[in-house]
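User: I would like to go through some strand pairing and helix packing here, with the reasoning spelled out for each answer.

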Amino acid sequence: MSDDTEISRRTALKTGGAGATMLGILGYGARGVAAADAESGADEDREDSTSESEAESNREEFAFGGDLPGLLERNGLWSGALPEGYFEGVRTSQSPAVVSVCCSDSRVSQEGMFAAPLDAGFLFKPSNIGNKVTTRVDGERAVDGSFLYGLEVSGASSGVVVGHTGCGAVTAAYESVVGEAGEQPPGIEQEVAPIVDVVEEALDDGAVETDAERRAVINQLVEYNVHAQVEYLRGSDEVSEEKDLYGFVYDFQSAYGDVDGRTVLVNADGETDPDALRETVPDGYEEFVGSLLH
Ligand SMILES: [Zn+2]
């Protein structure tokens with residue numbers, strides 16, 4: 001692709017047009033906005049009812065359904081909104097800038113949070129419950145293959161771990177540790193087990209205020225888990241030293257501030273002190289830094 005093509009594509013994306021349309025349908029389309037307006041009086045009720053479990057939801061209607069017509073309609077919107085040349089330069093290969101691992105939670109927009117759809121090929125994106133970077137190979141802990149592929153094979157320069165407020169996997173791990181958990185199918189138990197280890201460590205360390213309300217305890221554990229995942233990557237021989245490693249928490253419970261959908265930086269290459277992190281972010285982004293553990 002020529003520089004001119006590149007510039008015109010970026011210009012088109014950034015000056016409204018297709019870019020705005022794409023971001024519009026990624027967030028709230030017209031029908032979504034109408035639904036949100038209708039719901040706006042129910043915020044307090046929703047907060048109360050979702051405080052104990054992320055399984056509960058007051059969302060009664062999606063902009064388009066999850067049945068086949070809805071799926072086709074959604075894809076029609078997506079493919080119709082893509083600007084010409086969207087896949088130029090990446091049709092036959094990829095070289096992502098970033099690999100992120102997010103929780104699979106339906107409220108976590110892995111591509112949306114970093115505006116990844118603006119550029120095809122920007123983000124390599126494994127996800128799993130509890131945003132773990134590890135797996136087990138022959139009984140030994142190892143860096144998760146999907147994450148490692150993005151970082152070391154596809155060649156992303158930044159590796160990012162993103163937890164989120166109100167995480168069900170962290171809640172399940174906590175309930176397991178404090179003896180409140182019911183039995184789970186083995187596949188789920190295997191996915192939650194590494195988070196159980198992290199929660200046990202956090203409680204043993206006295207890292208979280210366990211006498212706080214449940215939601216606050218969980219959100220502290222979410223952040224602790226992000227640190228634990230970043231630390232594992234930092235200590236692994238499989239991860240090249242020159243990679244930048246960041247930890248974020250995606251906030252939609254106003255745990256860190258009042259901006260829904262903000263990724264709050266909690267860890268940069270092992271640095272977790274908010275004052276030090278604020279020194280490392282560009283001017284104007286200090287409010288994107290936070291911690292529930294300091
Ligand atoms: Zn989660």
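User: Is strand β1 (residues 98–103) largely enclosed or largely open?

Analyst: In this predicted model, a residue counts as buried if 20 or more other C-beta atoms lie within 10 Å of its own. Five of the six residues of β1 meet that criterion, so with respect to the rest of the structure the strand is largely enclosed.

User: In which sense does β1 pair with strand β6 (residues 158–164), and which residue of β6 stands opposite Val101?

Analyst: β1 and β6 are joined by five bridges and run parallel. Within this pairing, the residue of β6 that stands opposite Val101 is Val161.

User: Which residues stand opposite Val99 in strand β2 (residues 123–124) and Cys102 in strand β3 (residues 127–128)?

Analyst: β1 pairs with β2 in the parallel sense over two bridges, and with β3 it also pairs in the parallel sense over two bridges. The bridge partner of Val99 in β2 is Phe124, while the residue of β3 opposite Cys102 is Ser127.

User: Are helix α7 (residues 168–177) and helix α9 (residues 214–235) roughly parallel or roughly perpendicular?

Analyst: The two helices pack with their axes 9 Å apart, at an angle of about 105°. Angles of 65 to 115 degrees count as roughly perpendicular, and therefore α7 relative to α9 is roughly perpendicular.

User: How many nonpolar residues does the contact of α7 with α9 have?

Analyst: From α7, Val170, Thr171 and Tyr174 take part, and they meet Ile218, Leu221, Val222 and Asn225 of α9. By class, this contact has no charged residues and two polar ones, and the number of nonpolar residues is five.

How values were computed: Residues numbered from 1 in each chain as written. Predicted model: local features only at pLDDT ≥ 70, side-chain atom pairs only at ≥ 80, totals over all residues. Axes fitted to C-alpha atoms, helices over the stretch in contact; angles between N-to-C directions. Helix = DSSP H or I, 4+ residues; strand = E, 2+ residues; numbered from the N terminus. Parallel < 35°, antiparallel > 145°, perpendicular 65-115°, else oblique. Contact = placed C-beta atoms within 7 Å. Nonpolar A, V, L, I, M, F, W, Y, C, P; charged D, E, K, R; others polar. Buried ≥ 20, exposed ≤ 12 C-beta atoms within 10 Å, placed from the backbone. Pairing = 2+ DSSP bridges.
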